[in-house]
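Colleague: I'd like a close look at a single part of this model, namely whatever salt bridges you find in it. Please take your time and tell me what surrounds them, too.

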Amino acid sequence: VTGVWTVPFTAYLLLLSNRVVYQRVKNKQWIGDKLNAEKNTTGDAENPDPLFLEGRCHMNFLESVPLAFILTAIAELNGANRTILNYAMAALFALRVGHVEVGLRGKGTMASGRPIGLFGTQGFMAGMAMYTAYLVKGYWGY
């Protein structure tokens, strides 16, 4: 199951990476996380620095998806139900895409996709960790 989901997650990560590269090439900004370091535009939600915004989209994805894959792989190795894992990974993918496309890149960088993606991802992490603990409960003598 985890192997199947590497394709859409990797494709989306490549899109996010290329958006950062596009901003760098377009603006000839080869290092740093802002286009104009003197003018602090990172806090302006209505007019965010494009490089900073695309960088945050990329970094937010990388902050949660690797651990999600590790948790899912551990559950899979311990006999998790494939259907449950497929639905869980589909939900995580939708949450992560929504977090960026409908959240960070939405109106004012704080559209509805952002909190839904954040709290949904946290729920995924907690749920997958608890499911994995349930799968290995025999180890603890239960």
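Modeller: Here is a walk through the salt bridges, followed by their surroundings.

A word on conventions before the chemistry. This is a predicted model, in which local features need pLDDT of at least 70 and side-chain atom pairs count only at pLDDT 80 or more, while totals for chains, interfaces and linings use all residues. Residues are numbered from 1 along each chain as its sequence is written, and side-chain values use heavy atoms, with hydrogens and water left out.

To set the scene, the protein has 4 helices and 0 strands (DSSP runs numbered from the N terminus, H or I of at least four residues for a helix, E of at least two for a strand). Along the sequence the pattern reads α-α-α-α. The C-alpha atoms fill a box of roughly 60 × 25 × 25 Å along the principal axes.

Now to your charged pairs. The structure contains 4 salt bridges, each defined as a side-chain nitrogen of Lys or Arg within 4 Å of a carboxyl oxygen of Asp or Glu. One of them joins the side chains of Glu 101 and Arg 19, with an N to O distance of 2.7 Å. Because Glu 101 lies in helix 3 and Arg 19 in helix 1, this pair ties together parts that are 82 residues apart in sequence. Arg 19 is buried, at 16% relative accessible area, whereas Glu 101 is partly exposed at 28%. Here buried means under 20% relative accessible area, exposed over 50%, and partly exposed in between, with a 1.4 Å probe and protein chains only.

Another bridge brings together Glu 54 and Arg 105, at 3.2 Å from N to O. Glu 54 sits in helix 2 and Arg 105 in the loop between helix 3 and helix 4, so this pair too links distant parts of the chain, 51 residues apart. Glu 54 is buried, with 7% relative accessible area; Arg 105 is partly exposed at 36%. These two pairs belong together: Arg 19, Glu 54, Glu 101 and Arg 105 are linked in a network of salt bridges.

Arg 56 and Glu 63 form a further bridge, their closest N and O atoms being 3.0 Å apart. Arg 56 is partly exposed at 24%, while Glu 63 is exposed at 55%.

What about the residues around helix 3? His 99 is placed in helix 3 and is buried, at 6% relative accessibility. Setting aside neighbours within four places in sequence, His 99 is in contact (heavy atoms within 4.5 Å) with Asn 60, Leu 104, Gly 113, Arg 114, Gly 117 and Leu 118. In the loop between helix 3 (82-104) and helix 4 (113-135) you will also find Thr 109. Its phi is near 55°, a positive value in a residue other than glycine, and Thr 109 is buried at 13%.

The nonpolar side of the picture comes next. A nonpolar core is a set of buried Ala, Val, Leu, Ile, Met, Phe, Trp, Tyr and Cys residues joined through side-chain atoms within 4.5 Å. The largest has 24 residues, and Phe 9, Leu 85, Met 89, Phe 124 and Met 128 have the most contacts inside it. Helices 1, 2, 3 and 4 each supply at least two residues of this core, and helix 2 gives the most, with 8 residues. Not counting residues up to four places away, Met 128 touches Leu 71, Thr 72, Ala 75, Leu 85 and Ala 88. In soluble globular proteins, nonpolar side chains tend to be buried together.

Some nonpolar surface is left outside: Val 21, Val 25 and Trp 30 make a patch of about 330 Å². Such patches take residues with over 30% relative accessible area and no salt bridge, joining nonpolar side chains (Val, Leu, Ile, Met, Phe, Trp, Tyr) within 5 Å and like charges within 9 Å. Val 21 is in helix 1 and is partly exposed at 44%. Lys 28, in the loop between helix 1 (2-27) and helix 2 (50-77), is exposed at 64% and has a positive phi of about 55° although it is not a glycine.

For the whole protein, 35% of the 142 residues count as buried. The exposed area is about 8400 Å², with carbon and sulfur atoms supplying 65% of it, by the Shrake-Rupley method with a 1.4 Å probe, where for residues only the protein chains shown count as cover.
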